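Colleague: I'd like to go through this model with you and ask how you back up the labels you put on things. Ready when you are.

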Amino acid sequence: MFPVFRKWVSLYFTPVPRPEVQSYMATYKYGRLPPNTKSFRVFHLFPQRPEDQTPGGDLSGILRGRIEVMNIDEGCRYNALSYCWEGSIDPSPYTRQRKDRILIEESDGSLSQLLISPALSTALRYLRSRGQSLPLFVDQVCINQRDKSDKSQQISLMGDIYRNCVCVVAWLDVATKYTDALFDFLPRISGNELLLQLIQQPQRLSRILEATMEKRTNFSDSEMLGQDVKNMVELTREHWGRFPQRGFLDICLRRWFRRIWIIQEACLGPNMIFVCGRRSCSVNALEVASHFRMLASSGQHLEEGSPLEHHQAKWDKEAIHNALNGTTVVFRIFRERAAALRPSLEEQSVMMRRGLANLVTRFNVDIMVHGPWVRLGFSNPKDTIYALRGLVSDGDPVSERLVTDYNLPAATIFTDFTRLLFDASIGTPPIDTLLLSQMETKRIHGLPSWVPDWSVNIVIPHGYRSGCFPMFNAGGGNREPYVYPEVDVSSPGILSVKAILLCEIDRVGTHFMELSSRRLAHPMESPTLLPRSIFRFFREVRELCEWASEQPNSVSIPSTAKLDEAVWVTTTGGHGFTQTTERSLLGTQIVDGKPLLGYLWDFQLQME
């Protein structure tokens with residue numbers, strides 16, 4: 001997949017030596033957890049003992065520990081491990097390795113064993129060498145993976161488990177010389193005051209990015225912006241030439257950042273550290289480095305003799321593109337963590353990001369079409385819904401009614417979830433969800449025609465800007481009176497929608513604005529529209545408006561004087577030059593028609 005990265009793996013990854021698995025030892029038997037409580041298991045990882053050592057240093061030998069039952073409501077202290085079962089390196093070096101074992105010491109002193117994946121074995125050995133003091137929640141050890149009832153019960157508590165831990169330990173797998181260089185570099189900039197402020201003030205960050213990309217040098221209208229750009233140029237001059245580009249790319253391409261489970265694991269823990277081999281850093285340190293790289297790479301042209309040219313000369317174009325896409329994925333994690341731990345006042349008031357319907361739609365609908373949208377991976381299709389439940393705000397009716405049960409087939413879970421979306425007793429039925437049921441891409445058998453397959457790459461419907469937010473809304477949007485369709489989901493597997501007669505359709509357009517299929521060169525770049533498609537779309541909209549204005553007793557366009565206004569209002573889905581508040585599956589948001597109108601108006605003048 002990434003040829004440059006494969007070369008690094010083959011050069012610098014050395015499998016950890018492990019002892020033979022003894023098949024004659026008894027397998028550990030999990031006890032039943034107390035029902036109707038927030039009980040869960042943790043794993044106490046013991047230090048290496050002399051009798052367990054084998055040739056290979058502190059990373060070899062037998063893994064040993066004990067399992068303890070704790071209760072979240074009793075204020076217990078523990079860390080939570082976040083990792084990839086198959087390893088974070090792609091391609092995985094663990095594919096052909098056998099499972100390893102850990103010895104579990106019982107309260108009576110007897111021993112039993114558990115088999116774990118080679119990737120987890122490697123992680124535990126490195127953590128043991130660091131001196132792991134607090135017990136760990138490790139899903140592969142602390143959840144009975146062979147008991148679906150135990151698995152369902154514990155997964156329903158996953159949000160609480162990560163939210164109440166002391167620290168989330170994110171294991172990024174073994175190190176390379178490039179990742180070691182990155183972790184050694186991080187202390188140089190992790191405490192920079194400007195970068196720390198920009199993380200807390202994204203609008204200020206956007207203004208600096210805009211100014212640097214436009215190569216702006218005159219800041220007479222904004223003294224603060226001018227000082228920020230000056231400070232950023234000085235920071236770039238001091239550190240950019242020594243920034244470990246390959247180490248950053250190495251980290252960004254780790255599979256850990258592409259798992260759907262890590263969204264809640266990374267976002268809920270009050271503290272988090274990244275561990276890569278024997279190096280570690282705080283989540284804030286890597287976030288600061290990511291912001292520095294983005295700002296420095298966008299503003300390095302302000303400096304003569306740009307150090308970036310030196311790096312680009314060594315890399316091929318494919319490696320650079322992978323780095324840019326990798327940066328996009330990393331920033332997505334940081335944004336979600338900030339939204340979960342530091343929600344804005346607007347988000348707190350309308351809960352626009354925290355409903356299960358919003359989350360499932362946001363993480364399973366490709367809103368970029370041709371951009372660097374990366375589908376987060378999962379091993380079980382049910383995880384596309386279950387893995388997000390920990391992020392849901394309290395009182396969400398969909399999440400409260402949906403049962404976590406791994407014994408149920410995926411088709412049943414998807415149907416139950418979608419039925420809850422259409423339940424009128426919960427709220428307004430999001431009829432736009434029907435557009436996400438895209439028959440040509442479905443893979444789950446047994447799904448009703450109206451139920452989306454949330455496990456496939458669902459493409460944003462035509463005429464929508466983000467997720468399920470429509471540009472055109474015949475029902476009136478959030479403006480009263482709004483016409484809601486009546487949806488009935490009382491019959492199993494059947495959805496009934498009562499039709500509403502709005503008007504008669506006399507003519508239908510054939511042109512629309514098409515996005516360019518050109519691959520983006522930068523994660524901050526937006527997909528561009530094909531110029532010829534814009535021209536045809538505008539021409540057809542104007543022809544339709546002219547035709548409507550000529551009809552007897554025209555209500556939509558009562559006079560020729562209103563023709564130009566009608567063209568623009570139609571083009572922007574009814575927004576025109578005004579700011580309007582709209583509701584969608586993604587929540588409530590403000591839509592401003594001015595930027596879209598300004599761009600399209602300038603383009604039309606150029607075409608004419």
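Modeller: Let's start with helix 10, whose buried residues are Gln245, Gly247, Phe248, Leu249, Asp250, Ile251 and Cys252. Bear in mind throughout that this is a predicted model.

Colleague: What makes you call helix 10 mostly covered?

Modeller: A count. Helix 10 spans residues 245–252, and seven of its eight residues are buried. For the whole chain, buried residues make up 52% of the 608 residues.

Colleague: And which elements make up the chain overall?

Modeller: There are 22 helices and 17 strands. Contacts reach far along the sequence too: taking those with a separation of 6 or more, 73% are between residues 24 or more positions apart.

Colleague: On to the strands. Why do you say strand 7 is largely enclosed?

Modeller: Strand 7 covers residues 167–171, and five of the five are buried, so the rest of the structure largely encloses it. Both faces are covered: Cys167, Val169 and Trp171 point one way, Val168 and Ala170 point the other way, and all are buried.

Colleague: How do you know that strand 7 pairs with strand 3?

Modeller: Pairing takes at least two bridges, and strand 3 (residues 79–82) shares four with strand 7, in the parallel sense. Within that pairing, Ala80 stands opposite Val168.

Colleague: What about strand 7 and strand 8, how do they run?

Modeller: Parallel, with four bridges joining strand 7 to strand 8 (residues 272–276). You can check the register on Val169, which stands opposite Ile273, and on Val168, which stands opposite Met272.

Colleague: Why is strand 8 called largely enclosed?

Modeller: Because four of its five residues are buried. Strand 8 also pairs with strand 9 (residues 279–282), this time in the antiparallel sense, over four bridges. There, Val275 stands opposite Ser280.

Colleague: Which residue takes a positive phi in the hairpin of strand 8 and strand 9?

Modeller: Gly277, with a phi near 65°; the hairpin has two residues between the strands.

Colleague: Now Ser112 in strand 5. Why is Ser112 described as buried or exposed?

Modeller: The cut-off for buried is under 20% relative accessible area. Ser112 comes in at 5%, so Ser112 counts as buried.

Colleague: And what makes the link between Ser112 and Glu106 a polar contact?

Modeller: The limit is 3.5 Å, and the side chains of Ser112 and Glu106 are joined at 3.4 Å. Beyond its close sequence neighbours, Ser112 is in contact with residues including Met25, Tyr28, Ile102 and Ile104.

Colleague: Same test for Met70 in strand 2: why is Met70 called buried?

Modeller: Met70 has a relative accessible area of 12%, to be set against the limit of under 20%. Among the residues Met70 touches are Phe40, Val42, Tyr78 and Pro135.

Colleague: Which residues touch the most other members of the largest nonpolar core?

Modeller: Phe137, Trp256, Phe257, Phe274 and Ile385, out of 137 residues in that core. Helix 12 (residues 283–299) gives the most to this core, with nine residues. Apart from it lies another core of nine residues, among them Phe537, Val541, Ala566 and Val567.

Colleague: What does Phe257 touch?

Modeller: Its contacts include Leu172, Ile262, Phe274, Leu286, Val329 and Leu376.

Colleague: How many aromatic pairs do you get?

Modeller: The count comes to 16. One is Phe422 with Trp450, which is edge-to-face.

Colleague: What makes Phe422 and Trp450 edge-to-face?

Modeller: Two values. Their centres are 6.3 Å apart, with 65° between the planes; a pair needs centres within 6.5 Å, and edge-to-face needs planes over 60 degrees apart. Phe422 counts as buried at 0% relative accessibility, and Trp450 counts as buried at 7%.

Colleague: Which residues form one aromatic cluster?

Modeller: Phe185, Trp240, Phe243, Phe248 and Phe292. Phe248 is also on the list of buried residues of helix 10.

Colleague: Last one. How do you know that the charged end of Lys151 is over the ring of Tyr406?

Modeller: The distance limit is 6 Å from the ring centre, and the charged end of Lys151 is 4.7 Å from the centre of the Tyr406 ring, sitting over it.

Conventions:
Residues numbered from 1 in each chain as written. Predicted model: local features only at pLDDT ≥ 70, side-chain atom pairs only at ≥ 80, totals over all residues. Heavy atoms only, no water. Buried < 20%, exposed > 50% of the residue type's maximum accessible area, 1.4 Å probe, protein only. Polar contact = N/O pair within 3.5 Å; in protein donor to acceptor, adjacent residues only side chain to side chain. Contact = heavy atoms within 4.5 Å. Core = buried A, V, L, I, M, F, W, Y, C linked by side-chain atoms within 4.5 Å. Phe/Tyr/Trp six-rings, centres within 6.5 Å; stacked < 30°, edge-to-face > 60°. Lys NZ or Arg CZ within 6 Å of the ring centre and 35° of its normal. Lists of a residue's contacts leave out its neighbours within four places in sequence.
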